[in-house]
Amino acid sequence: MLRISCPFCGVRDHSEFSYGGDASVEYPALDASESEWVEAVFQRENLDGVQFETWQHIQGCRMWIVVERDTRTHAIHSVRPAHDGIAQALNAEQDGVGTS
Amino acid sequence: MTAQRLRKGGHIDRTRPLTFRWDGTSMSGYAGDSLASALMANGEQILGRSFKYHRPRGIMSAGVEESGALVTVGQGAKQDANVRATTQPLYEGLIARGQNAWPSVRLDFGAINSLFGRFFAAGFYYKTFMGLPPFEWGRGTGMWMRYEKIIRKAAGMGTASREPDPDRYEHAHGYCDLLIVGSGPAGRAAAHCAAKAGCDVILVEQDAALGGDTLSQPGNTSTLQGELSALRACGVRLMTSTTAFGLYDNGVAGLLERVTDHLADSPSWLPRQRFWTVRARATLIAAGALERHIAFGDNDRPGVMTVNAGRTYLNRFAIQAGENIVIATNNDSAYTTASDLADSGASVTMLDSRHEISRSLQSQCDAAGIGIKLEAAPMKALGGKAVSGLTAAIRKGNSWRTDGNIDCDLLLVSGGWSPVVNLLSHRGIKPVWNPELACFLAPASDEPIVAAGSAAGVWDDSACRASGEKAALEALELIRNPAHRAAAQTPGDWECPIDPLYEVRPVKQKLKSFVDPQHDVTTDDIRLAHHEGFVSVEHLKRYTTLGMATDQGKMGNIIGIALMADALGKEIPQVGTTTFRPPYTPVSIGALKGRNVGPHFRPLRRTPMHDWNLDAGGTMTMAGLWHRPWFFARSGETISEAYVREAETVRRTVGLCDVTSLGKIAIQGPDATELLNRVYSNPFAKLPIGKTRYGIMLRDDGLVMDDGTTWRLAENEYFMTTTTAHAAKVMAFLEELLQTRWTDLKVHLTSVSEQWAGVAVAGPLSREVLAACVEQPTRVADETLPFMGVVETTMREGIPARIARISFSGERAFEVYVPSDFGPAVMQSLWDAARPMDGCLYGLEALGALRIEKGHVTGAELDGRVTIEDAGLGRMASDKKTYVGSALRKRPEMVRKNRPRLVGIFPKDRREIFNAGSILCAADNIAGYGEGWITAVTHSPALGHWIGLGFIKGGHEAWQGQDVVCADPVRKGNTSVEIVSPHMYDPQGERMYG
Amino acid sequence: MKPYSAWKVFVNGLTGQKGWDRAWRDPEPKAEYDVVIVGAGLHGLATAYYLAKNHDIKNIAVVEKGWLGGGNGGRNTTIVRSNYMLPGNREFYEHSLKLWENLSHDLNYNVMFSQRAHVTLLHSPAARDGAARRYNTMRLTGSDGELWDLETLKRNIPHLNYSADARFPIIGAMAQPRAGTARHDAVAWGYARGADQQGIDILQNCEVTGVERNGSTVTGLQTSRGVIRAKKVGFAVAGNTSRLWRMAELGKLPIESHKLQAFVSEPLKPLLDHVVVFGVGGAHFYISQSDKGGMVFGGDIDWYKSYAQRGNLPIVQDVAECATSILPCLGRVRLLRHWSGVMDMSMDGSPFICKTPLDNLYLNAGWNYGGFKASPASGWYFADLIANNRPDPVIADHTLDRFARGINIDERGAGPDPKLHG
């Protein structure tokens with residue numbers, strides 16, 4: 001069982017989450033070319049090693065998160081919200097707690 | 001072997017005699033006995049038969065590594081095959097019998113295989129049984145399958161019941177700082193140390209009694225009991241009959257707790273077993289070590305056991321397993337057992353393969369009257385069905401020579417010890433060979449897992465305790481500081497080093513020496529595997545089946561690896577070891593499944609109107625995890641009659657259908673419109689407030705994902721419906737888009753599928769029904785609620801409702817949503833209005849009939865492989881905007897002209913019936929993939945005959961007037977059909993709009 | 001070559017098993033080969049075998065970083081079937097099944113292919129209609145397939161859970177009688193022996209560490225046993241394909257590596273004579289009984305990408321739930337061992353047997369978790385591709401560019417998400 005530290009809920013079994021995919025994939029703009037979309041939708045780095053990947057805490061807060069995980073050992077190195085704005089807000093809040 | 005129960009000693013309770021049955025004979029034992037010890041005390045020697053040769057098998061060990069005494073326990077639906085007698089606690093009324101033998105394990109006709117043993121070498125079955133003997137003539141699999149029938153009957157060990165397992169199992173969850181595996185000296189010391197330091201500790205012991213090796217030591221258990229009390233006092237959670245069977249990722253362990261397997265009458269409130277998932281911050285393995293055998297001739301005879309087994313039966317079960325005992329060893333550990341047995345009155349002779357032993361051991365033996373032969377070992381066990389003696393061998397230089405016979409009734413063997421590194425191996429930690437101790441040890445791990453005691457190659461009792469404490473401190477440090485790297489233990493504390501001895505075989509001696517006694521793998525098999533090139537340790541295992549028996553190599557693996565290394569002229573580390581896989585000992589599938597079985601296999605979703613539907617005469621069908629009304633048969637009606645009547649009624653008057661299972665998503669926020677316009681392929685930017693629109697979503701790859709209607713309730717608020725099947729998928733996808741791709745959009749999504757109950761009110765009289773049920777009938781009048789209009793209003797009794805005028809049936813129709821709790825009341829109210837108008841309730845079957853008549857698509861058509869054009873909805877897809885899937889939906893093959901397109905199908909002879917799943921073929925070429933396929937069929941009450949929907953290349957225009965056959969070879973055969981437009985009824989939609 | 005036979009077994013029994021040859025040699029690498037196949041799994045070995053047998057190319061090496069047959073070939077649940085529906089897959093797997101039917105004789109090695117029927121349980125009329133399309137297509141394309149009503153199913157497998165109280169009551173089944181199981185290790189060994197006997201060098205413990213290129217042409221491989229030059233190179237390394245692809249500096253692939261667990265119980269006397277498949281309510285489960293008596297079963301992949309050959313508990317539980325749901329007697333049967341393999345999951349669930357952006361480099365990958373049954377045909381068509389440098393029409397769409405062309409060979413209709421296929 002992977003144990004994923006959800007930034008919003010705490011450490012939970014991975015069975016509460018659903019795996020999304022490679023977080024390094026940058027989906028192009030909707031009006032981007034067909035070939036750009038083919039690349040994003042179908043082509044994968046498929047790293048053997050540490051990769052950033054998306055998960056959704058589907059049976060918890062339903063937030064999408066980015067997990068830094070070693071695909072050879074399943075060791076998890078970091079977890080953050082997938083939404084940059086939320087990640088920043090969360091950091092700011094935690095920093096605030098730390099300094100107050 | 002003339003085993004006898006001693007009158008005193010041991011940890012059995014002589015005040016509690018127990019009666020049990022073995023192969024139909026009543027026997028007795030005591031509380032505290034294992035089935036093996038009780039059978040031994042009753043003089044039973046042959047308890048099993050081996051896999052291949054059906055050689056007699058007796059008790060070989062006193063623990064989980066048992067490879068001989070596998071028996072069947074229980075009967076009827078509660079029959080358990082392959083139970084290790086050594087680990088089964090005795091209980092009153094236990095019923096056990098031998099297995100893999102006929103008529104019994106004592107007299108087994110299968111033993112005739114033994115006579116042909118010379119032909120049954122490793123892997124012989126790969127070389128024959130292909131065709132007609134002797135030269136394998138023929139083709140195909142016919143001959144093999146004849147042989148296979150016989151082989152299958154002969155293989156297998158015990159027989160499983162075919163009846164459903166009547167027992168109950170539970171899943172349980174645990175959390176702790178430190179999980180300690182094993183309650184021997186090291187485990188107890190570690191638990192004490194860690195708990196004293198404030199750690200939350202779970203200590204698990206696979207045995208029914210706590211103590212581990214301490215229980216095999218002479219003397220009473222008062223000190224042990226004191227220690228255990230101290231552990232309880234400092235908060236250690238002690239679990240007995242609980243095996244840590246596997247270590248998984250991120251500190252998760254799987255435990256199996258056998259709750260009632262040792263009870264004669266299990267209380268009904270207790271499960272048979274519990275499967276625990278424990279999440280530990282650190283894990284400490286103090287699981288001990290398993291004693292190895294040595295390969296010599298006929299070393300599988302009943303009466304040959306490990307030394308430690310002899311010691312355990314003596315000290316724990318008060319059974320002197322023999323009177324005239326030979327102990328063969330290559331290490332110091334056997335000597336305490338020799339002394340214990342001599343003390344109990346047995347005559348003991350030591351054969352030690354080493355050329356010297358320590359003075360203290362020598363004088364200990366002298367004092368006890370134990371004779372010692374150095375540089376000696378057994379070459380061959382003698383006797384028929386049980387050991388009566390042995391032929392000894394002595395070492396001359398690098399080889400062995402026979403050295404006369406010795407009588408004995410028990411032969412105890414110690415070939416060294418294998419620390420239990422299995423759990424570490426589950427984590428991918430490759431054990432490393434330690435040549436001094438002749439065993440594999442686990443190196444330090446990157447994970448917070450430490451080993452202690454004999455599991456770390458520490459042998460002596462007090463050294464094990466020290467090792468446990470040290471390991472506990474390391475574990476505490478690992479919890480505090482994950483970057484900490486635990487130091488390995490210093491293993492080994494024997495006075496004289498072990499002599500790595502795996503096989504005793506004087507030159508030119510022909511011996512049947514077993515490496516894996518359960519699977520009948522011999523030393524010759526290992527050498528044959530080498531000879532044939534199966535030299536990788538994994539090839540060796542798979543070719544000879546070494547280590548694949550129920551003990552998973554606990555008994556024989558090391559010997560096999562050592563022999564292969566010898567044959568290759570390599571060292572053991574160069575040969576390596578196979579990977580131990582979970583579970584450490586076999587785990588019942590029942591425990592793993594817990595309660596999620598039978599009706600509880602998967603959650604069952606019911607709508608708020610479920611009971612109402614049932615009361616109204618509905619029959620349910622499954623739709624994914626949902627139960628939905630299928631049809632509402634009136635008395636005497638078949639399903640076909642019912643749905644045809646329902647569909648006909650909807651077209652004639654009005655019908656009500658529970659549509660609650662549709663997915664429903666509340667979409668709110670200033671960018672809600674933008675989101676919808678990006679995810680739907682048709683335009684959504686200008687949907688007015690109070691209107692709804694049917695929309696089709698594509699996947700990123702441009703194929704259709706889902707369809708549904710979305711209602712605009714306010715400037716920034718929408719109500720989306722999805723199909724029942726894709727509700728969860730669409731929700732997660734929208735969340736993904738907003739949180740990972742379009743993070744600038746200000747939209748909030750809430751799944752409200754369970755908040756709203758839904759009813760479709762369909763038919764020419766639908767408005768009248770609705771008008772009778774809302775507080776303000778004008779709100780649902782044609783002018784205020786035209787086709788595709790939406791109102792938020794109240795039903796009678798003040799029940800809030802959302803109503804849209806949308807139609808799946810092709811009739812004038814409405815979907816009414818009310819808060820779930822009001823579902824049944826509103827359903828009743830609508831039904832009260834509809835019934836006097838000769839209305840009906842209708843289910844999925846009629847819903848299907850109505851939509852097929854109209855050519856409306858569902859999941860049967862939108863199967864994840866169709867484009868929006870294939871589904872006949874291409875005109876909806878916008879070319880003026882971009883949206884999910886727009887970039888990829890026009891890839892070359894997806895816009896090919898003759899792709900299969902949605903069509904309607906009529907039988908040529910209108911009286912004919914045909915089936916969904918049939919293949920559409922040109923009449924002159926009924927073969928291959930055909931031209932298309934049928935997705936759905938129904939009897940159409942409106943048209944008076946069977947109709948279907950399906951796909952055919954080029955669509956219906958391409959097939960007008962052509963002879964088409966619907967081919968259904970697995971069911972009905974061929975039917976001539978006509979291809980028509982999918983809009984088979986009211987193609988202009990006059991009924992719907994009017 | 002000394003063929004195996006009952007006669008040989010008899011003679012060797014009398015003469016102390018001294019007369020057997022090595023099943024394969026352990027040769028030193030030559031400096032250059034006409035073809036080097038990377039990966040001595042079932043697909044790689046079969047490719048080498050058919051290159052020699054069908055195309056008379058004998059100067060071949062199969063390089064393997066570990067031991068031959070040690071990847072998914074030695075870890076799977078051994079099911080062989082051809083119940084595929086879509087063009088491309090249909091002919092391919094049917095050809096494979098035909099090769100399976102005579103494989104023991106062809107290889108002179110008993111791969112124990114047992115045509116005990118593959119039975120897919122049905123639970124709803126809609127599922128039956130969906131399955132009917134598949135089996136009708138099979139029948140019309142010359143394969144076998146039957147719809148079993150409940151009575152037929154009960155007669156064949158009497159101890160399934162036929163309770164009306166079941167969460168998903170069984171209403172019938174689709175069966176492919178010619179399908180079944182085979183002894184997976186024997187397939188690897190049979191192909192290895194067959195290849196070896198034709199002079200092919202199987203180089204075990206020979207890990208590829210780099211790909212030698214001359215511009216856009218592959219010229220050889222760097223390995224842990226030195227540089228090996230090759231006129232043609234074929235990759236057949238399943239879950240490790242992306243790693244090799246990076247060594248060849250070719251970037252990304254439409255493949256993700258996921259792990260699939262497999263399970264075996266303690267050995268039992270015959271309990272189940274068919275391959276049974278159960279898939280409803282999001283479940284996916286398959287089970288058969290090996291000739292040794294172990295119940296061999298499996299389910300879905302673990303749902304997250306992985307190169308670790310070990311699984312986790314949620315799938316273990318899920319599989320146990322499925323097992324006992326259809327065979328309630330299995331509750332007391334004990335799991336002996338569970339393990340996992342790394343699957344090359346593709347974007348549509350179908351494989352690639354194709355040329356690559358580099359000249360002389362060929363790819364065989366994307367088997368999802370159905371590669372075992374494909375082995376003979378995979379070797380057959382890959383050998384043909386390598387020998388003739390053009391694809392057979394059957395594998396014409398098994399190319400890397402099929403997604404750009406708009407072709408999805410998607411039997412499940414699951415879309416471009418590797419974890420959803422299988």
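Q: How many residue pairs are in polar contact between chain A and chain B?
A: There are 9 such pairs, with both residues at pLDDT 80 or more. Helix 1 (residues 34-42) of chain A gives the most to the side of chain A that touches chain B, with 5 residues. A helix here is a DSSP run of H or I with at least four residues, numbered from the N terminus. This is a predicted model, in which local features need pLDDT of at least 70 and side-chain atom pairs need 80 or more, while totals for chains, interfaces and linings use all residues. Residues are numbered from 1 along each chain as its sequence is written, chains are lettered from A and ligands numbered from 1 in the order written, and side-chain values use heavy atoms, without hydrogens or water.

Q: What makes the meeting of Arg62(A) and Glu735(B) a salt bridge?
A: Their side chains come to 2.7 Å, N to O. A salt bridge needs a side-chain nitrogen of Lys or Arg within 4 Å of a carboxyl oxygen of Asp or Glu, so this pair qualifies. Chain A and chain B share 2 salt bridges, and the count between chain B and chain C is 11.

Q: Why is Arg741(B) called buried?
A: Its relative accessible area is 17%. Buried means under 20%, exposed over 50% and partly exposed in between (1.4 Å probe, protein chains only), so Arg741(B) is buried. Arg741(B) lies in helix 19 (residues 727-741) of chain B.

Q: What makes the pair of Arg741(B) and Asp700(B) a polar contact?
A: The two side chains come to 2.6 Å. The rule asks for N or O atoms within 3.5 Å, one able to donate a hydrogen and the other to accept it (residues adjacent in sequence count only through side-chain atoms on both sides), so the pair passes.

Q: Why does Phe10(C) count as partly exposed?
A: Phe10(C) has 39% relative accessibility, so it falls between the limits for buried and exposed. Phe10(C) sits in helix 1 (residues 6-14) of chain C.

Q: What is the area buried between chain B and chain C?
A: About 10700 Å², of which carbon and sulfur atoms give 56%. Arg152(B), Ile589(B) and Tyr929(B) supply 8% of what chain B buries against chain C, more than any other three residues. Buried area is the accessible area (1.4 Å probe) that two parts lose on being put together, summed over both. Chain A and chain B bury about 2200 Å² between them.

How values were computed
Helix = DSSP H or I, 4+ residues; strand = E, 2+ residues; numbered from the N terminus.
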